[in-house]
Amino acid sequence: MSGLYARESRSVSTMAHLRFFPQAVVGGNGAYLTGDDGRKLLDFAASWGAASLGHAHPAIREAVNRALSDQAGASYLSTANEPCVLLAEKLLSLVPERARGRVWFGHSGSDANETVARMVVAATGRPRILAFDGAYHGGTVGSMAVSGHPSQQGARAKNLTLIPYPNSYAAGSPDAAKDAALAHLEKLFATEVPPQEVAAFFIEPIQSDGGMLVPPDGFFPALEALCRQHGILIVSDEVKVGLGRTGRFNAFAHFGIEPDIAVFGKGLGGGLPISAVVGPEAILNHAVAFSLQTVHGNPVCAAAALAVLHTIERDNLVANAERTGRVLREALDRLAARHALIGDVRGRGLALGVELTDARQTALTVYRAFQLGLVLYYVGVNSNVLEFTPPLTLTEAEAQEGVAILDQALADVAAGRVDEALLADFAGW
C-alpha cells in the first residue's frame, strides 16, 4: 500500500469510499493519471465518467481561471450570473423541443434526480414514480429513494415501483427481454399501479451501474408510447452516459425517443461539481425556493461546464467517442473470443461493459489491471461487469494499449497468478 493511501486511511472517512484497489494519485494529464509512486496509469474510468475531457484539460483550466479572475459572485440563488445564464441557454439548445423550457442547476446527478423526483410529484399532483430494477439515480436520500440498485443502503420511496430493465444477455435474446419487460409494465398498469397516478418514469438509456445494459431495439419507443398514452413524464438520466459518451450527444437519441426531462451531471463539469435538469417550464417553474443550496449555479463550475460543451463540439468528441469506441469494442470482442471468463461485450461508443462469468474473478481482474497500469472498475447487480467510461478524448492507440493490459490481466487471473488475499480490504460494490 502506498504512502499516500495509508495516510488517507488515517484521516479520511470511508463512508464515501467505493474502492477496488489501493489507487492513490498526485496528478494527471489527458487519459493518464500519475500515481504517488510515479507510475503512469491509463484511466479507463475517468472518475466514473466525471473527467469527461480527461485530466488537466486546457479549456477547463482557462475557463476556471477567467471565472475566478473576475468572479461573478458564488451562486445563482439570489442573483443572476453570466456563466450560469450562458450555460442554461446552451443546454436548452441541446435537448428536444418538449424539454426546452427551463434549467435547474445543482452539484451532482444525485441532487438533480432527487429534485426531479420531488418536482414531478408536486407539479403533476400524481403520487407515483416508476424506475428500473438495477437503476442508480444517486446517493442522497431522495435519489436513492427512486433507485433500484441492490447495493444501496437507503430506503426506497413507498410511491416507487420498479420494473425489470430488459437484459438481452440474461434473457437469451433481445426480443425475449423486451417482451418480458413490456408485459410486466402493462400488467402493473392493469392491476396494482393505476397509470393515471404515475407522475414520471425515470429511465437510463443505457443502464450503467446496473451492468452497462443496452436496451433491445424497439423497447424504449414502446415504453414511450405507453407513457404518452397515460400522460406520464419521461425523465432521461443522462448523468453517466450522456454528453457525447455513447457516440450521440444525448444517449436517448440512439433509441428514437424524446424525454420530457433530461438530467445531466458527472462529465458536465469535466471534474468540477455541477448538474443540470432541463425540462418544461410548467414543471421546472413549479415553485420558487423549491430546491436550493447556496453555491448551486456558481459561476466557476458553470464556466467549466460551458467549456466542456464547447470543447465537445469544437473537437468533434461525439464522433471521436463513436470512432474510438468502435475500435475499443472490436478489440474487446477479440478478447472475448480468447478468454472463457468473458460472457458478453456490450455498449455504445465509449460507454462499454464486459460481463465476466464470475464476480470474484472480476474483482481480481480489475486489481491485476491496476497493477499493470490500467484503471477500470466493475459494476452490475452481480458485481461482474467491467465498465469502460474513459475520457471522450481517448485515442485509438490508447484504446489498444488498455485492451492489451486487460488481456494480460485476464490471463493472469485465469492462470491463478493473482492472490485473492489482495481483495481483503477492497469490497467494491
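Let's start in the middle of a sheet: Phe 202 has Val 235 of β8 as its bridge partner. Before going further, note that this is a predicted model, in which local features need pLDDT of at least 70, side-chain atom pairs count only at pLDDT 80 or more, and totals for chains, interfaces and linings use all residues. Residues are numbered from 1 along each chain as its sequence is written, and side-chain values use heavy atoms, with hydrogens and water left out.

**Around β7**

A word on names: helices (H or I, at least four residues) and strands (E, at least two) are DSSP runs, numbered from the N terminus. Strand β7 covers residues 198-203, and 6 of its 6 residues are buried, so the rest of the structure largely encloses it. Here buried means under 20% relative accessible area, exposed means over 50%, and partly exposed is in between (1.4 Å probe, protein chains only).

What lies alongside β7? Strand β5 (residues 128-132) runs parallel to β7, joined by 3 bridges, and Ile 129 stands opposite Ala 200 of β7. Strand β8 (residues 233-237) also runs parallel to β7, with 4 bridges between them. Two strands count as paired if DSSP finds at least two bridges between them. Add helix α8 (residues 219-229), and β7, α8 and β8 make a right-handed β-α-β unit. Right-handed means that, with the strands pointing away from the viewer, the path from the first strand over the helix to the second runs clockwise.

**A mixed sheet**

Elsewhere, 4 strands form an open sheet in the order β1-β2-β3-β13, with mixed pairing. Its edge strands, β1 (25-29) and β13 (374-375), each pair on one side only. β1 runs antiparallel to β2 (residues 32-35), and 4 bridges join them. Val 25, for one, has Gly 35 of β2 as its bridge partner.

**Helix α10**

α10 has 16 residues and reaches 22 Å from its first C-alpha to its last, close to the 22 Å expected at 1.5 Å a residue. That expected span is 1.5 Å times one less than the number of residues. Of the 16 residues of α10, 13 are buried, so this helix is largely enclosed by the rest of the structure. At its start, a side-chain oxygen of Asn 298 comes to within 3.1 Å of the backbone nitrogen of Val 300. Just after α10, Asn 316 takes a positive phi of about 55°.

**Positive phi at two alanines**

Most residues other than glycine have a negative phi. Here are two alanines that go the other way:

| Residue | Phi | Loop | Relative accessibility |
|---|---|---|---|
| Ala 46 | about 50° | between β3 (40-43) and α2 (58-69) | 0%, buried |
| Ala 289 | about 55° | between α9 (281-284) and α10 (299-314) | 65%, exposed |

**Leu 386 and its surroundings**

Is Leu 386 buried or exposed? At 1% relative accessibility, Leu 386 counts as buried. Leu 386 sits in strand β15 (residues 385-388). Its C-alpha is separated by 5.5 Å from that of Gly 353, although the two residues are 33 residues apart along the chain. Contact here means heavy atoms within 4.5 Å. Setting aside neighbours within four places in sequence, Leu 386 is in contact with a list of residues including Leu 352, Gly 353, Val 354, Thr 362, Tyr 377 and Leu 406.

Note on methods: Polar contact = N/O pair within 3.5 Å; in protein donor to acceptor, adjacent residues only side chain to side chain.
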